[in-house]
Amino acid sequence: MSATIFKHEFISRLKSVIIWSASMVILLLIFFSIYPSFSSEAALLNEMLAKFPPQLLEAFGMTHIDLSSILGFFAFLFTFIQLCLAIQAGNYGVGLVSVEETDLTADFLMSKPVSRLQVMNSKLFAAVCSLLVTDLIVWASAFISINMFRSGHTFDAGRLMLILASLFLFQLFFLSVGLVISLLVKRVRSVTPYGLSLAFAAYIINGFSGIFGDVKLEYITPFKHFDPSYIAQNGALNTPLVLLNVAVSVIALVVSYWLYLHRDIPAVS
Amino acid sequence: MSVIEVNKLTKYYGKSRGIVDVSFGVEEGEIFGFIGPNGAGKSTTIRLLLSLIHPTSGSAKVFGKDVTTHGPEIRRDIGYLPSEVYYYEGMKVKDLLKYSASFYQCDCAQRIKDLSDLMELEMNRRITDLSYGNKKKVGIVQGLLHSPKLLFLDEPTAGLDPLMQRKFFDLIREENKRGVTVFFSSHILGEVQRLCSRVGIIREGKIAEISDIRTLQQNNYKKVHVEAPGLDPAAFNLPGVTNIQAEDSTVHFFFKGDINVVMQKISSIQVSDVIIEEPTLEEIFMHYYE
C-alpha cells in the first residue's frame, strides 16, 4: 500500500462518487414518493400484472413481486439501483489501471519508487472505499426514503438490510471483472463503453434467463446472484449463487494481479 | 563503480524487435550519451532500466541491483525525463510537483522552488493549459526535485527554446558536478557532443559502437577541403579516401589512414586554401548508418 497513491486515487474519484450517490438518493426519493398512492391501488395493480404474459414478467424480474408490500416494491426498484451501481463499479474497474495508460501518466507513476503490487493494492483499495461510500449513502437514503413514504405499512428491516448489504459484493463483481477485462484487451481507449456494456450485458442476460428456459444463463449474472426479490421473499441470500459470484470476483482479481505485475507499460508514441 | 551494467539485454514486443543483445556500462559521475535514430531502441533501453517493461532475456543492474527484482528501491534514486511528458491534466503544476515529491522521503519544497524559479515555471497553472515546452519544464523539475543520483534523459530538449535548452544543459552540468550520473539519449548529435564524455551508438536495436567521444572523432575520419584553381578531383583517388565531392574549384573528401599521404599529395599542388578538420559527430554518425 502507498498512502500517497491511495489519497490521490480516492480524491480524484470523489466527484464521481458524489454524482453517483446523489443520483441514487434522488432516484430513491422520487420512486418512493409514489409508493403511498401506489400501495392504495396495489390490489388492482397485482390483478393487472397477473394478466401479463409470464415471459414478459420474467424478463423484468417481476414474477415473484408483490408490489403492494414495501419490500416487494423496494425489490422492484432496487434492480435499477443495481444497474446504475453496476455501471459505476464497472467503470471504476475498467479505468482502475487503464486510465494511467490512456492519459499517458503511467510513465510518471511507474518511474516512482513504488512496486506494481503497491500501485495495484492502493488503487484497488481506493476504488473499494469509493464504492463503500456510495453504498453507505444508498443504505442510509433507502432507510430514510422508506420511512418517509411508508404510510403506515410495515416491513422486515432485517431483509431490507440484507438486500442493501448484498450491494457491496454485487459491486465488487463488476469492479474486478471490469479490471480483468481492461487488462486483457490491448488498449482501453475510453472507459465508459466498457463499463456500460458490462453492466447492461449482465442486466439483459438476467432478463433473458427466464425466457430461454433450460439454458441457465442466470448463473453468470450478478443480477441473479443477488436477486432482490429472492432475498425479500426468502429472507436469505441464494448461497450457492453468491459463492459462485464471489469465486468469479476472486479469480478475476487474481488474474488481474498476475497480468498487471507482468505487464509491459506501453510507450507513449 | 558502474552505475549501470547492461548484459545482453534483449526485448521483443511479440515478434517485433525492441533491442537485441545490448551490453554496456555507465560509470559513476559520467554523462553517457546514447544516440541513434528514431526506433533504434533508445527508449526501449531506458524503459527496461526503469522496469516499465520486462526484458525478454539478458539482465541489467542499476546501482549494482537487478532492475527486475529491485525496481522500487532503485527508482528511489532515479530521475526520469521522458521524451513526451504527460501529467494528470486537471492538476495544478504545484500539486503535481507535491504529489511527485510525496513519493520520496525528502523535504523537497525548497528544491522545487529553486528549480521552478530557474526554469521560470508558473506554479498555479493547470497542466491542461500548459504549452508543450512548459510541460517539458514541469518534467524537468519533476525529474530533479528529489535530487536523484542517476538521471535518465530521453530526448530532453525537444520543445525547449534555445535559451531554455542552455539553462537546462547548465543545470545538467551542475548536477553532474555534484556527482550525478547522467544517461542522455538523443538523436541530435550536436547536444550529445556538447554534453557527453562517452557515447553509445545504437542502431536497429544493436549497439554499433561505444567509445570515448574524443576517440570517436580522432581515430576515425578527417574531413579535408582543398581549394585550387582547375583542380581535378581524380587527383585524390588515394587509398583511404572516401566520399569525394567536387564543387567549383574545391574538393571535399573524408580520409582515414596516414595523413602524410594526403599532405604529400597536397604539397605537390598549387593550392589556394586547405582545411583539415575533425568531422562532426553527425558525419561520423552517418558513417555508422551506411
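**Exercise 1.** Is Thr102(A) buried, exposed or partly exposed, judged by the other C-beta atoms within 10 Å?

Solution. The model used here and below is a predicted one.
- Step 1. Locate the residue: Thr102(A) lies in helix α5 of chain A.
- Step 2. Take the count, which is 15 other C-beta atoms within 10 Å of Thr102(A).
- Step 3. Apply the cut-offs: 20 or more means buried, 12 or fewer means exposed, and anything in between means partly exposed.
- Step 4. Conclude that Thr102(A) is partly exposed, because 15 other C-beta atoms lie within 10 Å.
- Step 5. Add the surroundings. Leaving out residues up to four places away in sequence, Thr102(A) touches Val188(A) and Arg189(A). Pro240(A) is 138 residues from Thr102(A) along the chain, and 38 Å separate their C-alpha atoms.

**Exercise 2.** Describe helix α1 of chain A: its span, its bend and what covers its buried residues.

Solution.
- Step 1. Helix α1(A) runs over residues 3–33 and has 31 residues.
- Step 2. From first C-alpha to last, α1(A) reaches 42 Å, which is close to the 45 Å expected at 1.5 Å a residue.
- Step 3. Look along the axis: at Leu14(A) there is a bend of about 45°.
- Step 4. List buried residues of α1(A), among them Ile5(A), Arg13(A), Trp20(A), Leu28(A) and Phe32(A).
- Step 5. Find the cover. In chain A it includes α2 (35–40), α5 (70–102) and α7 (116–149), and α3 (93–101) of chain B also takes part.

**Exercise 3.** How many residues of chain A are in contact with chain B, and which classes do they belong to?

Solution.
- Step 1. Count both sides: 19 residues of chain A are in contact with 22 residues of chain B.
- Step 2. Look for helices on the chain A side. Both α1 and α6 (106–110) of chain A supply at least two residues each.
- Step 3. Find the largest share, which is 3 residues and comes from α6(A).
- Step 4. Sort the chain A side by class: 8 residues are nonpolar, 7 are polar and 4 are charged.

**Exercise 4.** Give the overall layout of chain B.

Solution.
- Step 1. Count elements: chain B has 10 helices and 14 strands.
- Step 2. The C-alpha atoms of chain B fill a box of roughly 70 × 40 × 35 Å along the principal axes.
- Step 3. The domain assignment splits chain B into domain 1 (2–217) and domain 2 (220–289). The centres of these two domains, taken over C-alpha atoms, are 39 Å apart.
- Step 4. Of the 290 residues in chain B, 37% count as buried.
- Step 5. Consider contacts in chain B between residues at least 6 apart in sequence: 70% of them join residues at least 24 apart.

**Exercise 5.** Which strands of chain B pair with β1(B), and in what sense?

Solution.
- Step 1. Strand β1 (residues 2–13) of chain B is antiparallel to β2 (residues 16–27), with 8 bridges joining them. One bridge links Ile4(B) to Val26(B) in β2(B).
- Step 2. Examine the connection: β1(B) and β2(B) form a hairpin with 2 residues between them, and Gly14(B) in the turn has a positive phi of about 60°.
- Step 3. β1(B) also runs antiparallel to β4 (residues 57–62) of chain B, joined by 5 bridges. Here Thr10(B) has Ser57(B) in β4(B) as its bridge partner.

**Exercise 6.** Describe the surroundings of β14(B) and Ile266(B).

Solution.
- Step 1. Strand β14 (residues 273–277) of chain B is hardly covered, with 0 buried residues among its 5.
- Step 2. β14(B) pairs with β11 (residues 222–227) of chain B in the antiparallel sense over 5 bridges. His225(B) has Ile275(B) in β14(B) as its bridge partner.
- Step 3. Ile266(B) sits in helix α9 (residues 259–267) of chain B. Ile266(B) touches Val226(B), Val271(B) and Val274(B), with residues up to four places away in sequence not counted.
- Step 4. Ile266(B) is partly exposed, because 16 other C-beta atoms lie within 10 Å.

**Exercise 7.** Which environment goes with the positive phi of Phe63(B), and which with that of Ser147(B): buried or partly exposed?

Solution.
- Step 1. Most residues other than glycine have a negative phi.
- Step 2. Phe63(B) is not a glycine, yet has a positive phi of about 55°. Phe63(B) is in the loop between β4 and β5 (65–66) of chain B. Phe63(B) is buried, because 20 other C-beta atoms lie within 10 Å.
- Step 3. Ser147(B), also not a glycine, has a positive phi of about 45°. Ser147(B) is in the loop between α5 (132–144) and β7 (150–154) of chain B. With 14 C-beta neighbours inside 10 Å, Ser147(B) is partly exposed.

Technical notes. Residues numbered from 1 in each chain as written. Chains lettered and ligands numbered in written order. Predicted model: local features only at pLDDT ≥ 70, side-chain atom pairs only at ≥ 80, totals over all residues. Helix = DSSP H or I, 4+ residues; strand = E, 2+ residues; numbered from the N terminus. Expected span 1.5 Å × (residues − 1). Bend = angle between axes of the 7 residues up to and from the residue. Contact = placed C-beta atoms within 7 Å. Domains from an automatic or database assignment. Nonpolar A, V, L, I, M, F, W, Y, C, P; charged D, E, K, R; others polar. Pairing = 2+ DSSP bridges.
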